[in-house]
Each structure stands twice: as structure tokens, then as C-alpha cells.
Amino acid sequence: MTRIALQSLRKEYAGQVAIPDLSLEIGDGEFFTLLGPSGCGKTTLLRMIAGFNSIEGGTISFDGTVINDRPPAERNIGMVFQNYALFPQMTAAKNVGFGLQTRRIPRAEADARIARALESVRMAHLGDRLPGQMSGGQQQRVALARALVIEPAVLLMDEPLSNLDAKLRVEMRETIRQVQHEAGITTVYVTHDQEEAMAVSDRIAVMNLGVVQQVGTPAEIYRRPANRFVAEFIGKTNLLERDLRWQDGRATVEMGPGVSIDVTGLVDPATQGRVQVSVRPEAVSVAAEGVPAEVLDETFLGSHSQVRARLASGEMIEFLEFSQQSSSLKPGVQLRLAIETHQLTVFDPDSGASVARGASA
Amino acid sequence: MKGQGRGIDGWMSIALAITAGYLFFVVWPLVTVLINSVTKNGAPTLDGFRTFFSSKLYYGTLTNSLLVTVCVTVLALLVAFPLSYFMTMFRIRGNRAIQILILASMMSPPFIGAYSWILLLGNNGIVTRGLRGVGIDSPSIYGFAGILLVLTLQLVPLIFTYLMGAWRTVDVSLLEAAESMGVTGWKRALKVITPLLLPTVLGGSLLVFVRAFADFGTPMLIGQGFRTIPVLIYSSFVGEVSIDSNFAAAVAMIVVVVTLALFLVQKFIVDRRTFSMTAMRPIEPVQLRGWRNWGVYAYIYTFLILALAPLLVVVVSSFRNTLYGQFTHGFSLQSYFSSQRDITRLVTNTFTIGLSALVLLVVIAVLVSYLTVRRRGLLTGVLDTLTMVPYVVPGLIIGIGLITAFSQPPLVLTGTFAIMVLALAIRRLPYTIRSTTALMLQFSPSIEEAAISLGASKPRTLLQVIIPSLAPGILSGAVLSWVTIITELSTTLFLYTISTQTLSLGIYTQVIRGQMGTAAALATILLGLTMVSLMLLMRVGGGREIRV
Ligand SMILES: Nc1ncnc2c1ncn2[C@@H]1O[C@H](COP(=O)(O)OP(=O)(O)OP(=O)(O)O)[C@@H](O)[C@H]1O
Ligand SMILES: [Mg+2]
């Protein structure tokens, strides 16, 4: 049970700044995910927490104790690596037992804990296998068991699923989530897959260029992105440039000729003029009344179709429609689109920051 | 792995200790040679160099050496390239056996080749006498042509092994891509494959070059009037031409400068051309038909026979009767029985000295490769460079350095067991370090980090995780080193006494003394030892690629 606090952390690689100034609080038993595009510094940050990277500024503390100078072997961490990093000459059970051996746990107790750990990742039947004789998914299960069996204060995982195929990834992330939940270990998880992050995390920190863009629950991040980067990185969105006007104390934007919609409650009263309105595809639907548009094309995706259409202003908009037996959304068809107002977010066109009241960057 | 807030940790002290060892046992001896080359009786002088360049008798050996070396390198490449091309592209029956035989011929003691060609084509050789019987003068094995033949046969397998390693990294899709653009056959070999293999070819050529340039046994045994520079160093150092050690040291320095220059040129070229490849799909050999098939087989088998015949000749000769050292009619075990006591002594020495050197070698190689791969820094950078020093210094000169440096206080080691062990370990270290480093580089750092994250200390991580997972690779590297240690001649030539003489030194002295029977018997034992070691290597190495 450990709280992690990162304060004004700074990381440089040979003079090149990778993380300029980063602060985060990770709660007890929380499943916390670092999410961001490639090269944004997720691995760098995780390895700083693990103790494998030097720290050029700021502090890392576990439960209020600064651990900057504590070597990794003494931080009581469990680590799961992208390439599994199982010891190739040891069986699954020996791998899992390694950390217990270094902690001088008596033989009998160790054996019981190894068995339990392998059980929890459903690998009890393969304890005698060498890593070379296991599939990727099985190896990653063993790696997870090996990290958990020592009952670490903190569990660190760097893209543990990225070497697995799509179906196994979904299965494994459920195992990880479940095992973490049962053990209640504070977990820092790194991924660049936003869907995976949404599925497993209690809270997510979205990073870009070494800077945290937003911290929040998956729903908060999706529904109330703090800035344009987050809106575009998490899920899909349509960005439309519009004028924001105030009328009778209500903020409205004109979405199409003669169609104005209200932007509810969240807009800072000081805002007006040019803004960018972010419209999620699922907020758009075909209706009897609404913004006129012309269908450009339709992509069949199984349960849904993805439709691209052009607005009168010339802007492109993408939305989802339930698949139907025979599609009526042929290219060139004219239709009207309704836009759900409570799912809109509005950004300052220059800074990209959300102009929603209370949203913090 | 910085940021742990600790000044000098255990690894740093190991790095310091090894660096100090290198400075004392490798660099210092070479410095004494350097000092010797520019001083005489304590006074500075350039007489050694002046003498060398004043007489054709001396500087001629340098041109001779260069001539031999260039010719051998070119010839070895010309022979080895088609050999590796055929073995990769075409289905050859007994492919694996052929590769093993080629490896065996490479691993056989270098000077045994020369010796056995003397048995065949020497003044009193089997072929020579047979041809003389029907009134034909056979070509002489002595001199330039003989050296060329023996060294080329000796070194083709080396470059062949390198090339085969490179072929294995060529993905078949590259060849298919070339073919789809209409480039096939020899054109494809030249345009697509050659550039891919070039770094390897250059690396391999340098190795051949350095070996040919530094080779002492072959020109000593069959050079006769055609003297190369190592022979000159040897004879001036042992005083045969009654010139002092100042001269020998000067010649040694010239040799070092030449090899060093070559090494730097090669490094410059290779560094700029290296690219990493891994074959997802290695090349699938195709079945040839008709005369092409016959041609390919003829080529491969001709080479095999030429490379292996000498070994066979030695083995057969060891069972012939001898009279005053020369072979006579009839077969028996006479050569073995008459030198029984020598054999016991030499074999015992070979094992005790060789194994001690091997243990020293492997321990240092593992530590150094770990340090240079995982603990990059100024000190390990220096260490990395230091370990390559013996690579560019011929064995003979390492021997001279050791004997000059350690025949005087503070440390007198001449004539000891220790100096033999040291010399052999130093000689082989650059090779073993390189192969261990290659292993270390493939070893994912996250495995080590996993161990540390589980709370393992550094020594524990090394002993329980890193070494066991690298063990198969280290072991096969060790067997290869063992083979080169027991066949090494030139490094220990100045260092042995009767109680530290090894098999290869024994063979050399017997040949020089004209005791052909004993020499053949000893050579057969050494060959047997080599072959058994190689079989062991096949066992432990499994399907692994063999690196030299
Ligand atoms: N050892 C290093 N030396 C120099 N620069 C480095 C090193 N490791 C990372 N960097 C740089 O630091 C930045 C962050 O890298 P990091 O590996 O943390 O990214 P990441 O978010 O984990 O990306 P990915 O999703 O691709 O794994 C990158 O610009 C990278 O080039
Ligand atoms: Mg990463």
C-alpha cells in the first residue's frame, strides 16, 4: 500500500531535456496509467520511478519518503517488461521464485507463494516450462506472477501487452486488471494504446513531449478533454471553427445555415469570438432537422458504419451510424445532422486549451 | 544505471583492477620493446631502424612479407567467396559434414600444414621422390609459392566461416526483390550480395591479413631463402645473426606500426559501412542440375582434399618407421613408443598451462564484456581500447615484450609456468572478448533489470542470471579459445623452458631438429586433441553459429 508523489521531476539525456518539470500524485492501490504518443517520455518516467534512470531534478517519494537515492533493488518494486524479460535458463516456477530467493523466504513458504502466484495468472500447470517453450501470452503471465509474488509496494509495467496479438491483449488486460485489483497494489502502467488505457485504469495521465496534459478518470478525459491534444489523442473528434456568441445569457454557436446550438453551462463567460468546437462522432446523428450535409462516403465497420459528409461550409464531418440491411447513405445523398449539445467541448483556437469552466490543463 | 548516488561501486573497482592488469602485463611489455627499439645500452639511438633500412637483406623481408600477405589475402578471398556462395545458394549433399571438415582444417595447428607439405613435396617428400623415380622434377614447396599455398589453404576456412555467418543474415526477400527487377545469377551476386557482405569481407580480410603478416611457423619451416619479417625478428632476437635486441625491437615496432595502420584503415571503412540485418527468412538452397552441379561439387571437393590432405599425411606418417629421424619402410608405433616420456610431459603441460590460461581468459572476458556493454563510461572505454591491443600485435612480439619486461625486477617471471599462462591468455583475449561482447549485446538489458527489480544484488545478478543464460555461448567460445591456445606457437616461442614446453612447441622443435617421426606423432596427438575439442564444441554449441 503505497502513495507515490512525483514533484517537479526533470530528466535530461546528455543535455537534451526529455521531461522538463513534472508533478503527479498517485494514490494508494490505484491503477494509474501513463498514456501518450511514442517518444513522449512514458518509459523515461517509469524507469525513473523504478530507479533505472538518473533524476536531474525534483523528487520521487513513496509514502512521503524521498527515494531518489535508493537503488532499484531496495525500492521494493515489481516490474513487468514489454519483452517479458524472463530468465531464459529458469523454468516458470524458478522465475517466479527468484525474487523470493533474494528475500531469503523459507523454502516451504516460497513454494506456496509461487504456486499461488502461478494460480492467479492461470499458469499453475506450466510451472516446469522454460520460457522458450511458452507462448508470448504465457510468458507475460509468468512475468506478471514474478512481479506480484514479492508483494511489491509498487507495480510498474511498460507496455506489457504490446508484443501480443489483439485478441490476447484484451484477454491479458482483463487478467492484469483483476490480479491488480485483488492484490490492491499501487500500479503504474505505460501504454500508447488509448483503448487499453481506458479499459484498465482508475486514472490516466495523458502526456505529450514530456509534459502532463491532463490527469483524470477515463470518462473525464474522454468527455472533458483539457485541450485539443487530449481531445484528438483520445478517441476521434471533429474540430469545427465557429463563432461563439452570447444571447440572453446563453452561449451559442451557429453550426450550419440557420442552425444554432447552445453550448451548455461550461463556457467561461469571458469567452467569445472564434473558437474550435470538438464534436465526437457519436454525438452526430441523421435526423429530420439539423445541419445540412452531403454524404461523401461510408465505411462498413461491422455493427457500425463510419460516414464522412461535407457541411455547407465545406468542412468535413465524421460520424457513426448503426449498420442497416441496405444503406441509404450513398455518396451524394443530402441529409440533415443533429448534434447532441452536452457532448461538445470548446477550445481556444490559438492555445488549444479548453474554455470550459473548471477544466484544468 | 546511474543515479544510484554511489561513488565507486564494485564494478568500478573491477574495471580499475583489470585496467591496471592490462597496463602492467600488456602495455608495459610493449613499452619496453618500444624503449629497446630506440635505445642501446641506455643511450638513445636509431641504429636499429637505420640498420633495417640500410640493407636489402633486412628491408627486403618487409616487402616479402607484404607481398605474401597481399597475395594470400586476395587468393583466400577468391577461393572462399565462391565456396560460401555455393554452400549457401545450392543444395550440396553432406553440407553440414563439409562445413565441419572446413572448420576442422581451419582449427588444425597452423604450422602442421607447412610441415606436412614438406612431407609431401619437400626435398625428401613422398611426391618428390615418386616423381624423381620417373625422372620428373617436382615443383618445390620451399620459398614464396610454398608459403602462398600453405597460408592460403590455412586461411580460406577462416574467411569462409565469416562469409557463411554473413550469408545467414541475408534475407531471401532481398534476393527475390533483385530477381523481380530482373537481376539474377552472377550479376545479382555482384550487385546485390557483394555490397551486403562487404563489411564482413573487409573484416575477414583484415583478419587474414594480420594472420598472414604475423605468421611465423610457415615461413620459418618452408621459407628457406625467402625470409619474411617475423622470421627476421625471430632470428635476430635469438641472436642467430648476432644482432642485439635493439635491432629486433626496432623491427618489431615496424611490424606493429604496419598492422596498426591496417587495423585503423579497416575500422574506418567498416564503421562507415556496417548495417544491421537479421534474416526473417534465410536463403533456401536450390538443387542444381547437369554440368553446373558437377562443377560446384568439383570445386568444393578439390578444396576439401587440398585442405585435408596435409592432415591425413601427418597422421599416416606418424605410424611409419624411422631411422635417424627420417622415414623408412614399414609401419609401426615406433614414433609413439620411442618418445613416450616426451609425449607425457608435453600433453601434461598442454593441459595444465592451457586450462589455466583458459580459465583466466574466460573470467576476464566475461567481466570486460559486461563492463564495456553495460557500464559505458570513460574508464570502460579505455579498457575496451586496451583489450584490443594484443589484436594488432603479432604473437612473436607479445612474447618478446613479456620476456624483456619480466626478466628484470620488480617482477621476474622468465621461465615460469605463470608467464606461459599469461602469454597465452593475453594472445587470445581480444578474440574471446569480442565474442563474449557479441553475446552480451544480444542479452536484453531488461532481463538484468528484472533481476535487480526483484531485489538481487549485482554479484548475484551476474552469477545467477547473466552467466547462466549466456553459459552455452560462453562455453562454445571457450572451446574455440582452447583450440587456439593449444595450437599457439609464436607467442610462447621465447618463453618456454623444458618444463613448460607444450605440444605445439614440441612439434616445432622436433621438426627443426629433423626428428620427423616424433614430430608426426606429436602432431597427430595434437590433431586428435583438436578434433575431440571440436566435437565437444558441436555438442555444446548445438546449431549455434560458430564465431572465430
Ligand atoms: N537512453 C536515452 N538516451 C537519449 N535519449 C533518450 C534515451 N531514452 C529515451 N530518450 C529520448 O527521450 C524521449 C522519451 O523517450 P521514452 O522512451 O521515454 O518515450 P516513450 O514515451 O516510452 O515512447 P514509446 O511509446 O515509443 O516507448 C524520446 O525523445 C527519446 O528519444
Ligand atoms: Mg516506451
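Visitor: Which helix of chain A gives the most residues to the shell around ligand 1?

Guide: In this predicted model, the element that gives the most to the shell around ligand 1 is helix 1 of chain A, residues 42-50, with 3 residues.

Visitor: Which residues make up the surroundings of ligand 1, and how many of them are nonpolar, polar or charged?

Guide: A shell is read as a list of neighbours, and here the list around ligand 1 includes A:Tyr13 and A:Ala18, the run written as A:Ser38, A:Gly39, A:Cys40, A:Gly41, A:Lys42, A:Thr43 and A:Thr44, and also A:Glu159 and A:His192. Sorted by class, this shell holds 3 nonpolar, 6 polar and 2 charged residues.

Visitor: Which side chains have a polar atom by an oxygen atom or a nitrogen atom of ligand 1?

Guide: Such pairs are read atom by atom, with a cut-off of 3.5 Å between N or O atoms. A:Tyr13 places a side-chain N or O atom 3.3 Å from a nitrogen atom of ligand 1, while A:Lys42 brings a polar side-chain atom to 2.8 Å from a ligand oxygen atom, and for A:Thr43 the corresponding distance to an oxygen atom of ligand 1 is 2.5 Å. Ligand 1 taken alone exposes 630 Å², of which the protein buries 54%.

Visitor: In what sense do strand 3 and strand 4 of chain B pair?

Guide: Strand pairing is read from its bridges, and strand 3 (residues 320-323) and strand 4 (residues 326-331) of chain B pair in the antiparallel sense over 3 bridges. Within strand 4 of chain B, B:Phe327 is the residue opposite B:Thr322. The hairpin formed by these strands has 2 residues between them, and B:Tyr324 takes a positive phi near 50 degrees there.

Methods. Residues numbered from 1 in each chain as written. Chains lettered and ligands numbered in written order. Predicted model: local features only at pLDDT ≥ 70, side-chain atom pairs only at ≥ 80, totals over all residues. Heavy atoms only, no water. Near = heavy atom within 4 Å. Polar contact = N/O pair within 3.5 Å; in protein donor to acceptor, adjacent residues only side chain to side chain. Areas by Shrake-Rupley, 256 points an atom, 1.4 Å probe, with all protein chains shown as cover. Helix = DSSP H or I, 4+ residues; strand = E, 2+ residues; numbered from the N terminus. Nonpolar A, V, L, I, M, F, W, Y, C, P; charged D, E, K, R; others polar. Pairing = 2+ DSSP bridges.
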